[in-house]
Number of protein chains: 2
Amino acid sequence: MDIDRIFHALGDPTRRAMFERLSAGPLSVSNLAAPLDITLTGVAQHLQILEESGLVQTEKVGRVRTCRVDGRGLATLEKWARDRRSMWERRLDRLGSLLAE
Amino acid sequence: MDIDRIFHALGDPTRRAMFERLSAGPLSVSNLAAPLDITLTGVAQHLQILEESGLVQTEKVGRVRTCRVDGRGLATLEKWARDRRSMWERRLDRLGSLLAE
DNA sequence: CCAATACTGAAGCATACACTTGACAATAGC
DNA sequence: GCTATTGTCAAGTGTATGCTTCAGTATTGG
């Protein structure tokens, strides 16, 4: 789960909308595409990027591909944010104790 | 703190590297630029995007501009991730209780 | 079996965006 | 005051990427 790919994937508003929608529950590609006013092909391209980044998982059964959130990507993202925050707060703590002296 | 700008800002590897570096502590623009092999101008451009997204805060004193992490951007990002996770897990919960019946 | 559905693949286009150069402005140190 | 440092502004360039069209492949339902 490469953080680089994850941020790149979510950097696009359409892909983020897709992911947000999927976090409410699994959808077929067509259903996922319905509210977006771009081509199905376009959606499929975005989907591939989301999949490669570990944010979304898809499975094809018959002719319909079902898409669902892949927890691993989200977990990687959360860890990244948590790590940055802890570094940042440690810094603030040091500053605080310096001022306290 | 627009989530759209935040993800766009962090979607670029250079900007993310800058932010990661700043989370360890404040830096001047030149110091921030030093390890990156792009122009100072390029760094300044990235910096503006980070600033507009609420991830970084800068202050110019004399001729040196000091850059530090702005907690608001990070908080917005964390909230977004938390919200997606909770939606996603609620879904898994419903599935679980369905199977339990 | 035939038509409709649900995607997939290749190729092209047009814009956004990362990055550069070159010139300039303001401050700091000697 | 002169020079070096630190950053800013405007404009241009090339590539990445979001999106489209068109054509094709399975699969499903009547």
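Biologist: Which elements each supply at least two residues of the surface near DNA strand D?
Modeller: The model is predicted: local features need pLDDT of at least 70 and side-chain atom pairs pLDDT 80 or more, while totals for chains, interfaces and linings use all residues. Residues are numbered from 1 along each chain as its sequence is written, with chains lettered from A and ligands numbered from 1 in the order in which they are written. A residue is near a strand of DNA if its C-beta atom, placed from the backbone, lies within 6 Å of it; helices (H or I, at least four residues) and strands (E, at least two) are DSSP runs, numbered from the N terminus. The elements that each supply at least two residues to this surface are α4 of chain A and, from chain B, α3 (29–33), α4 (40–52) and β3 (64–69).

Biologist: From which element does the largest share of the surface near DNA strand D come?
Modeller: Around DNA strand D there are 20 residues, of which A:I38, A:T39, A:G62, B:S28 and B:S30 come nearest. By class they comprise 5 nonpolar, 10 polar and 5 charged residues (Ala, Val, Leu, Ile, Met, Phe, Trp, Tyr, Cys and Pro are nonpolar, Asp, Glu, Lys and Arg charged, and the others, Gly among them, polar). The largest share, 4 residues, is contributed by α4(A).

Biologist: Which residues come nearest to DNA strand C?
Modeller: The surface near DNA strand C has 5 nonpolar, 9 polar and 5 charged residues. Of the 19 residues around DNA strand C, those that come nearest are A:V29, A:S30, B:I38, B:T39 and B:G62.

Biologist: Which elements give two or more residues to the surface near DNA strand C?
Modeller: Both protein chains take part: α4 of chain B is one of these elements. The others belong to chain A, namely α3 (29–33), α4 and β3 (64–69).

Biologist: In what order do the elements of chain A run from the N terminus?
Modeller: Chain A has 5 helices and 3 strands. From the N terminus on, their order is α-α-β-α-α-β-β-α.

Biologist: Why is chain A described as more spread out than a compact globule, and what is its radius of gyration?
Modeller: Its C-alpha trace spans about 70 × 25 × 20 Å along the principal axes. The globule rule (2.2 Å times the number of residues to the power 0.38, for a radius taken over C-alpha atoms) gives 13 Å for 101 residues, so chain A is more spread out than a compact globule, its radius of gyration being well over that value, at 18 Å.

Biologist: From which element does the largest share of the side of chain A that touches chain B come?
Modeller: On each side, 21 residues are in contact with the other chain, contact being C-beta atoms, placed from the backbone, within 7 Å. Elements α1 (3–10), α2 and α5 (71–100) of chain A each supply at least two residues of its side. The residues of that side divide into 10 nonpolar, 4 polar and 7 charged. The largest share, 9 residues, comes from α5(A).

Biologist: At what angle do helix α2 and helix α4 of chain A cross?
Modeller: The contact is made by A:T14, A:R15, A:M18 and A:F19 of α2(A) and by A:H46, A:I49 and A:L50 of α4(A). These residues divide into 4 nonpolar, 2 polar and 1 charged. The axes (lines fitted to C-alpha atoms over the stretch in contact, with angles from 0 to 180 degrees between N-to-C directions) come within 10 Å and cross at roughly 70°.

Biologist: Which residues of chain B make the contact of α2(B) with α4(B)?
Modeller: Helix α2 (residues 13–22) of chain B packs against α4(B) at about 70°, with their axes 10 Å apart. The two are therefore roughly perpendicular, the class for 65 to 115 degrees (under 35 is roughly parallel, over 145 roughly antiparallel, the rest oblique). The residues are B:T14, B:R15, B:M18 and B:F19 of α2(B), together with B:H46, B:I49 and B:L50 of α4(B).

Biologist: Is B:L36 buried, partly exposed or exposed?
Modeller: B:L36 lies in the loop between α3 and α4 of chain B. Beyond its neighbours within four places in sequence, B:L36 is in contact with B:T14, B:A17 and B:V43. Burial requires 20 or more other C-beta atoms within 10 Å, exposure 12 or fewer, and partial exposure a count in between, with C-beta atoms placed from the backbone. Because B:L36 has 15 such atoms around it, its class is partly exposed.

Conventions: Two residues are in contact if their C-beta atoms, placed from the backbone, lie within 7 Å.
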